[in-house]
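Good morning, and thank you for the time. I would like to take you through one structure, beginning with a chain as a whole, then turning to individual helices and finally to the interface.

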Amino acid sequence: MSLPPVDETKEPAAISGLPEAPSARPQSNEAPKSPAYRRYLKRQRRRTLFIQLSRLLLLAGLLALWEIAARLRWVDSMLTSKPSQIFSSFRELTVEGDLLKHTWTTGLEMLVGIALSMAAGTLIAILFWWSTYASKILEPYIVVLNALPKVALGPIFYIWLGDRYSIYGMAIAISIIVTIMMIESGFKELAKTKLKLMESFGATRLQMLKMVMLPASVPNFIATLKVNVGLTLVGVIMGEFLSSKAGLGYLIIYGGQVFQMNLVMVSVCMLALMSVVAYGVVNWIGNLLMKKYHYEG
Amino acid sequence: MGVPQIEMRDVGLSYFSPKHETEALRDIRLEVKAGEFISIVGPSGCGKSTLLSLVSGMLKPTRGEVLLMGERVNGVSPRVGYMLQHDHLFEWRDVLSNLLVGAEVRRIDKKKAKEKALYLLERYGLGGFAHHSPSQLSGGMRQRVALVRTLVAEPDILLLDEPFSALDFQTRLTLADDVHHIIKEQGKTAILVTHDIPEAITMADRVLVMSKRPSTFSASYDIVFDEGPDLTPWRKREAGRFQEYFNGIWKELDAHVASAG
């Protein structure tokens with residue numbers, strides 16, 4: 001009485017914000033596609049193409065409008081800069097200046113910040129799960145810390161940690177509370193369902209943690225990491241605004257102070273690029289982990 | 001006659017919260033012989049699952065004592081295996097490694113446990129699925145895997161907490177046959193908690209009816225069929241005395257529900 005395995009190949013969900021891939025279902029090769037299905041596929045492909053083209057066109061249009069507006073003096077290019085200028089100063093800054101060095105500085109700060117706040121956040125969430133007392137005692141503090149605008153702590157970090165390490169202080173301050181709360185709520189959800197079995201076998205807390213809580217939290221870790229990347233970057237830039245001698249945040253503030261809009265714009269573009277890359281990397285790592293732990297159908 | 005495998009002596013259990021004290025169980029007296037299969041039915045919320053938690057040692061009784069083989073229960077006992085309503089298979093482990101969860105927790109020799117797991121899989125028609133992921137199995141197969149997982153930890157006593165209630169009717173009937181066969185073949189003592197009267201009658205040697213809160217056993221039926229002792233649960237549904245048992249238990253339960261309303 002062995003039933004055939006249910007193998008529902010789920011459609012890959014469009015998590016990445018990328019346009020939906022034309023549904024390339026693993027249609028077995030022997031089944032011929034009906035004309036209606038073929039028309040459907042064609043329509044889908046055309047739709048995707050249209051969306052992607054429109055996106056490019058929108059970007060190009062905006063850049064062109066910006067350039068024209070600056071050239072025809074509809075706007076003051078001292079205030080707005082213009083794409084061609086941004087591009088040439090990007091070249092200058094990378095070749096002669098040290099834009100890449102500054103980008104690297106900020107990137108490294110972001111990586112270290114993410115690693116630290118994920119690790120510390122996870123440890124604290126584990127502590128809260130382990131000890132109901134600890135979580136009850138610390139709960140109001142977490143609530144207050146969460147509501148407190150972390151930027152207000154800037155001067156304190158600067159005095160305590162110096163101009164370099166205060167950036168990490170700010171990055172972690174901004175991202176850790178949300179990290180703790182997300183991971184903890186994931187743990188609570190798991191504790192309600194998956195732990196009953198472990199209890200019935202008489203498992204210790206450490207066994208529950210290793211065998212259930214951590215592996216079962218993988219999807220939640222990835223979601224938390226995605227949020228964490230954005231928040232940490234905010235923290236890093238904020239930290240650099242307040243006190244630093246290098247980094248994209250430093251360049252932006254500096255450019256603003258000496259009224260060099262080109263420098264500001266180039267730095268902002270680099271920052272945008274960096275967050276896209278970071279998001280892509282996290283997505284990729286996430287997909288790898290999801291596959292490793294069989295979270296896909 | 002030796003010591004009963006499971007014995008509950010005047011057990012009572014109350015839940016405490018800052019505002020209320022709820023008496024869930026009162027004066028529970030129960031003796032189960034080794035190899036006996038008993039079913040417990042009762043109105044919903046009457047503390048059937050609580051009773052199982054007491055036997056397993058996951059809960060401590062407020063009054064009285066629970067004994068397994070004459071020894072007082074103190075914490076979760078390795079003699080007891082629990083089969084829950086949901087299979088709780090871990091999707092990040094394949095079937096085989098899911099089967100070893102209990103053995104791993106209880107630090108049973110890994111090689112021996114693995115051999116046993118593979119043998120049981122083969123024996124109960126899941127041979128080809130050791131390295132499948134749980135999401136590739138049907139609901140009925142998942143529950144059978146859950147039962148095998150419990151058996152790998154080598155308990156003497158199996159506690160079944162509405163193990164079929166999440167399944168569709170057809171799967172339920174076939175699985176009941178399978179589970180009954182497996183438990184009898186492995187010679188385990190079992191307590192099944194259910195709200196399904198036919199299921200209770202056809203699986204067990206004895207059916208106990210619980211009253212509403214504070215619950216206690218209000219009636220006990222020894223299930224004996226003229227057609228012979230080796231009927232499968234499926235066949236028992238057609239046996240002569242089935243309807244008689246059903247009506248008796250139904251009336252008994254109905255009285256509790258009526259007096260509650």
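Chain A contains eleven helices and zero strands. Read from the N terminus, its elements therefore run α-α-α-α-α-α-α-α-α-α-α. Please bear in mind throughout that this is a predicted model. Of the 297 residues in chain A, 36% count as buried. As for contacts within chain A between residues at least 6 apart in sequence, 69% of them join residues at least 24 apart.

Let me now turn to helix α5 of chain A, which covers residues 132–147. Its 16 residues, at 1.5 Å a residue, should span 22 Å, and the C-alpha atoms at its ends lie 23 Å apart, so expectation and model agree. The helix nevertheless has a bend: at Leu138(A), α5(A) turns by about 45°. A proline, Pro140(A), follows within four residues of that position.

Which residues of α5(A) are buried? Ala134(A), Ser135(A) and Ile142(A) are. The cover over the buried residues of α5(A) includes two other helices of chain A, α4 (99–130) and α6 (154–193).

Chain B has its own helix α5, formed by residues 139–152. Here 14 residues should span 20 Å at 1.5 Å a residue, and the end C-alpha atoms are 20 Å apart, which agrees. How many of the 14 residues of α5(B) are buried? The number is 13, so by the cut-off of under 20% relative accessible area this helix is mostly covered. Just beyond the end of α5(B), Glu154(B) adopts a positive phi of about 55°.

I come last to the interface. On the side of chain A, 23 residues are in contact with 28 residues of chain B. The two chains bury about 2,600 Å² between them, and 67% of that area is on carbon and sulfur atoms.

What of the polar side of this interface? Between chain A and chain B, three residue pairs are in polar contact, with both residues at pLDDT 80 or more. The count of salt bridges between the two chains is one. That salt bridge pairs the side chains of Lys194(A) and Glu91(B), at 3.8 Å from N to O. Among the elements of chain A, α7 (195–200) and α8 (205–216) each supply at least two residues to the side that touches chain B.

Thank you; I would be glad to take questions.

Key: Residues are numbered from 1 along each chain as its sequence is written. Chains are lettered from A and ligands numbered from 1 in the order in which they are written. This is a predicted model: local features need pLDDT of at least 70, side-chain atom pairs count only at pLDDT 80 or more; totals for chains, interfaces and linings use all residues. Side-chain values use heavy atoms; hydrogens and water are left out. The expected span of a helix is 1.5 Å times one less than its number of residues. The bend at a residue is the angle between axes fitted to the seven residues ending there and the seven starting there. Buried means under 20% relative accessible area, exposed over 50%, partly exposed in between (1.4 Å probe, protein chains only). Contact means heavy atoms within 4.5 Å. Buried area is the accessible area (1.4 Å probe) that two parts lose on being put together, summed over both. A salt bridge is a side-chain nitrogen of Lys or Arg within 4 Å of a carboxyl oxygen of Asp or Glu. A polar contact is a pair of N or O atoms within 3.5 Å; within protein, one must be able to donate a hydrogen and the other to accept it, and residues adjacent in sequence count only if both atoms are side-chain atoms.
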